[in-house]
Amino acid sequence: MIKKLISLCLASFSAFLLVNGTLFLYERPVGWVDTPNGPSTAVRKPHALLIHGTEGYTVTQIDSYGFTNEDYPLADEYILMMGASHSQGKEMGCENRYSSIVNQALAGSNKELAAFNIACDGHFLPSLIKHFQAAIETYPGARCITLEIGSTDYSTEALGQAVKQLEIVDTRSAEEIFSQLSPFSKVKNLIKEYIPMLSMIKKHLETATKESASGEQHCFDERAYRAVVTDALKLIRSQYDGPIVFVYHPNVKINADGSVSIIRSQTIDIFKEVCADTEIDIIDVGDAFLEHYDQCRELPYGFANTTPGNGHLNKVGHKIMADAILKYLGEVSCK
C-alpha cells in the first residue's frame, strides 16, 4: 500500500513537472504587483520575458516602466494610452500593437516613447475612471489621453464607485515598487514566474469571476445610467484639459451567410451623447471593422489557434485601431 502511494505521488509530481516545464515555453507569466492606488491596476516586473501562447504566440520583454512598450525612455511629451488587455497586446508582436504603430508614426527614428501604453489586464471602463487622476499625476507629460474600451455596459453601482476615484495616489515607478517588496512578496513573484501552472489556474478562475460579474446590463435605468456617466466624464474632463478620447471597439458576429455584423453595447448611444456633452471625444471603430472585412475578408479578433472573431484584437484589429488614433491625432490640437 505504501509503495503504491509513493508511486502515485511520484507519478503526480512527474506529471506536474512535465506540464509546468512545457508551460515555460507556451504560457509563462512574469512577476507582477497589484497597484490599487497607481495609474493602472498592476505593473509587471521590469525587463522580464512574458511568453503567451494561448492566442497566437509571442515573447514580450516588459519595459522599465512595467508595461508592454518598447524599452525606450519617455519623450518629453507623449500620448498616454490607457486600457485593458486588448491594449496591452500580449497576443501581438510588439511591432504590431496599436500603441507601437502610433509610437513609430510619432517618434520616427527617435528611440523614445511618444505613445506610452500603460494598459493592464482587467482595466475596464470603471477602472479607467477610478485610476484616471492617478495616471495623469504619475505621468504629467501627457499631451493627449486615449482610453480603450470594448464595452460601455456597466452597472450604475460600478460606475458610481469609480467616480470616487482614489484618496491616495501611488506614483512610484515599477522599479521602485519591485525593489521595495517584502521577502514574502518576492517569494510570491518567484512562484508566479517559475510555477506558471499555478498562475494559469488562478488566471482562469479570475477570468470566470470577472465575466460573471462584468456588469453587462440587459435591463437598466436609462436616467440613472446617464447621470452616473455624466458625473464620471465631467470629473475626468475637469482633471485634464487636453484632448481625451475613448477608443471603442465593439464585438463582431459571423453570420451564417459569411457576412459580419457589429454587436455594440446596449448603452453606447447614451455614452456617446454624454461624451459630446462633456467635450470628450470617442472613436467607434466598428464601421472600420466592417469595411475592412468587406474588402479583405479579415476579422479584427481571433488567431490561428483560437476561434475566428473571438478573443483579443489581432494584427488586423490593432492596425485599424492605430489608423483611427493617428487620424484623430491629426485632427485635434494637442496641448
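Is His47 buried, exposed or partly exposed, and what is its relative accessible area? In this predicted model, His47 is partly exposed, with a relative accessible area of 38%, a value that falls in between the limit of under 20% for buried residues and that of over 50% for exposed ones. His47 is situated in the loop that joins strand 2 (42-44) and strand 3 (49-52), and its phi is positive, at about 75°, although the residue is not a glycine. Most residues other than glycine have a negative phi.

A positive phi is also found at Arg297, where the angle is about 55° although this residue, too, is not a glycine. Arg297 belongs to the loop between helix 12 (286-296) and helix 13 (315-331), and with a relative accessibility of 53% it counts as exposed, the cut-off for that class being over 50%.

Among the strands of the model, five form an open sheet in the order 6-5-7-8-11, with parallel pairing. Strand 6 (113-117) and strand 11 (281-284) are the edge strands of this sheet, each of them pairing on one side only, and the twist from one strand to the next averages 25°. Within the sheet, strand 5 (residues 74-82) is paired with strand 7 (residues 142-149) in the parallel sense over five bridges; Met81 has Thr146 of strand 7 as its bridge partner. Helix 11 (residues 268-277) lies across strand 7, strand 8 (244-248) and strand 11, and its direction makes an angle of about 145° with strand 11.

The surroundings of helix 3 (residues 98-107) were examined in terms of burial. Seven of the 10 residues of helix 3 are buried, so this helix is largely enclosed by the rest of the structure. The buried residues are Tyr98, Ser99, Ser100, Ile101, Val102, Asn103 and Ala107, each of them therefore having a relative accessible area under 20%. The elements that cover these buried residues include strand 5, strand 6 and strand 7, together with helix 2 (85-88) and helix 13. Strand 5, strand 6 and strand 7 also take part in the open sheet described above, whose order is 6-5-7-8-11, while helix 13 is one of the two helices that flank the loop containing Arg297. Just after helix 3, Gly108 adopts a positive phi of about 60°.

Terms used. Residues numbered from 1 in each chain as written. Predicted model: local features only at pLDDT ≥ 70, side-chain atom pairs only at ≥ 80, totals over all residues. Heavy atoms only, no water. Pairing = 2+ DSSP bridges. Helix = DSSP H or I, 4+ residues; strand = E, 2+ residues; numbered from the N terminus. Axes fitted to C-alpha atoms, helices over the stretch in contact; angles between N-to-C directions. Contact = heavy atoms within 4.5 Å. Buried < 20%, exposed > 50% of the residue type's maximum accessible area, 1.4 Å probe, protein only.
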